[in-house]
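Got the model open in your viewer? Switch to a cartoon view, keep the selection box handy, and follow along one stop at a time.

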Amino acid sequence: FGCAGRQLLSSTLGGGGMVSLSETIITSIQGLSSERDDWRSLEKALEDKAVQLGQNVGLIDNILLQLSPEQHAIGCVFVLHVKANNIPPAGVDQWDPMFVQQVKRVIMGGSTDQLHFVKRQVCDICRVFTEHCRTGGTSSSMLGVRVLVTAVEKVRDSPEHLTMIHADALQLALVAKMVKPVLCLLQQRVLHVSKDCMQPRDFLLYFYYGGMCFAAIKEMSKALDMFQLAFTMPAQSLNEIMVETYKKFVLVSLIVHGDVQTLPKYTANLVQRFNKNCCAEYNEIATACYTHEVTEVQSCVEKHKAVMQRDNNYGLAKQVLEAVYSRNIQRLTQTFVTLSLGDISEQVKLGDAAQAKKRVLDMIERNMIVATIDEQMGMVSFDTEPDKTSSQQLLLRLTAQIQTSMELNNKLRAVDEQMSTSAAYLGKISIQERQSRWGEATDFGNGDEMLVSDSEKPPGFNFGGGRSA
């Protein structure tokens, strides 16, 4: 069929004006889609018609109706790619619901092999699709989340590969306030990056949005890890996304640990310098938390309320205040064996014994403390020993973590062996050694870096944990 397909291609594309543009494209797609050997010829033929089809965008909807995504996914993607490049950009009250439905039909019903073959175009379409879904509101964003998760599964080289669609899926999940469908993407370990359709911005946005998704479901430790991975990536200039990420990192770190965690040694110097200047209000809240005084933290949060609201981080800031209450109760367990609810309320600066009881019960439920409450006497008995019934769960968790560590160790060994034989890596190392030996500069940072003007903030708006009170 390959030879017949090529003859068909020649007759349909070389027949002058005898057939219309739409008929030419449809015939080519239908004739060259069934055999994998013809896909490259089909791709080239369709690329040659891209400009002409772009000048006749009105034909696209009719062409798509005559194609089957399951059999003609490459052709459908080509046609949608042309449409995505020529329709007006999504804006306030301006989006294309038909385009959204067309992308859904192709992604959900398209052949996995064919979609993977044109994954670069699929990624471009998904970026435009994301903008239109976001503009369309909550219902279209909810639809878009499932479409993008499916797109990721179909175009990635392996479950461990990161694509630009990951960030788009997470963004829509935050807009739709529907995080559960994207947890499968966040829980999958990422070890590779699809270089042909990834930019540093996509890498940053994946960890930025990923941290916000974890924060939305109160998985603060995981959110903290995601934020840290975003702003500690190698950089020669500061990106606005890194600044926004660091702000959330400070607040989440205060929630989880009660202080701002020390940055890793590999964090770029310019990131550490500029973050201190760009995030002064956040650093001031952190300083207030070091005092363990509720009133001081509350005063500082209210002082910078306007800044927190502007950054959509006010919800996280209020959670910092709540964490100070909980941490002060934890500190009491280190001093007292029993304590009345009234005393707890007084020492922690809660309103009354009822609020103290509610907070203690919540902390017991979340395994933050081990305690029992005598409601009749109004006394709380603290225990430093965890419940023995949780020992089995602890053992299972420890076993799973050991298994994960062993798998990572094996992967690191494999990567180390691969790098040790890489000519490009060895050449780079030899250059660095030569520069070090002769005293040449090896660090591009000279203290004069500025915020780059072409850096983008996360698209749309900051969905911060600030949206939850």
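What follows is a short walk through a predicted model, with something to select at each stop.

**The whole chain**

Start zoomed out, with everything in cartoon. You should be looking at 24 helices and five strands. Now colour by burial: of the 469 residues in the chain, 44% are buried. If you like contact maps, here is something to look for in one. Among contacts with a separation of 6 or more, 70% link residues that are 24 or more positions apart.

**Stop 1: a helix pair, α6 and α7**

Select residues 69-86 for helix α6 and 97-109 for helix α7; their axes come within 9 Å and cross at roughly 150°. An angle over 145 degrees counts as roughly antiparallel, so that is the label for α6 and α7. The crossing of these two is left-handed. Show side chains to see who makes the contact: on the α6 side P69, E70, C76, V77, L80, K83 and A84, and on the α7 side M98, F99, Q102, V103, R105, V106 and G109.

Stay on C76 for a second. Is C76 buried or exposed? Its relative accessible area is 0%, so it is buried.

**Stop 2: cysteines**

While you're on cysteines, how many disulfides does a search of the whole structure find? The count is zero. Try C126 as an example: its nearest cysteine sulfur belongs to C123 and sits 6.6 Å away, and C126 is in no disulfide. A disulfide would need the two sulfur atoms within 2.5 Å. C126 is also buried, because its relative accessibility is 0%.

**Stop 3: another helix pair, α15 and α16**

Next, select 240-257 (helix α15) and 269-278 (helix α16). They pack at an angle of about 70°, and their axes are 10 Å apart. Since angles of 65 to 115 degrees count as roughly perpendicular, α15 and α16 get that description. This crossing is right-handed. For the contact itself, pick M242, V243, Y246 and K247 from α15, then V271, N275 and C278 from α16.

**Stop 4: the three-stranded sheet**

Hide the helices and bring up 338-340 (strand β3), 370-374 (strand β4) and 379-383 (strand β5). Together they make an open sheet in the order β3-β5-β4, with antiparallel pairing. β3 and β4 are at the edges with a single partner strand each, so each has one side with no neighbour in the sheet. Look along the sheet and you can check the twist: neighbouring strands are turned by 25° against each other on average, ignoring direction.

Now go through the pairings. β3 and β5 are joined by three bridges, and if you label S340, you will find M379 of β5 standing opposite. β4 and β5 are joined by five bridges, with T372 partnered by S381 in β5. β4 and β5 also form a hairpin with four residues between them. Click on G378 in that turn: its phi is positive, at about 70°.

Before leaving, show the side chains of β5. Which of its residues lie on the covered face? V380 and F382 do, whereas M379, S381 and D383 are on the uncovered one. In a regular strand, side chains alternate between the two faces of the sheet.

**Stop 5: two loop residues**

Jump to S194, in the loop between β2 (192-193) and α13 (200-216). At 4% relative accessible area it falls under the 20% cut-off, so S194 is buried. Select D157, H161, L162 and T163 as well: S194 touches these, leaving aside residues up to four places away in sequence.

Finish at N56, which you'll find in the loop between α4 (50-54) and α5 (60-65). N56 counts as partly exposed because its relative accessibility is 34%. Draw a distance line from its C-alpha atom to that of L21: the two residues are 35 residues apart along the chain, and the separation comes out at 9.0 Å.

Technical notes
Residues are numbered from 1 along each chain as its sequence is written. This is a predicted model: local features need pLDDT of at least 70, side-chain atom pairs count only at pLDDT 80 or more; totals for chains, interfaces and linings use all residues. Side-chain values use heavy atoms; hydrogens and water are left out. Buried means under 20% relative accessible area, exposed over 50%, partly exposed in between (1.4 Å probe, protein chains only). Two strands pair if DSSP finds at least two bridges between them. Axes are lines fitted to C-alpha atoms, for helices over the stretch in contact, and angles run from 0 to 180 degrees between N-to-C directions. Angles under 35 degrees count as roughly parallel, over 145 as roughly antiparallel, 65 to 115 as roughly perpendicular and the rest as oblique. A crossing is left-handed if the near helix is turned anticlockwise from the far one by less than a right angle, and right-handed if clockwise. Contact means heavy atoms within 4.5 Å.
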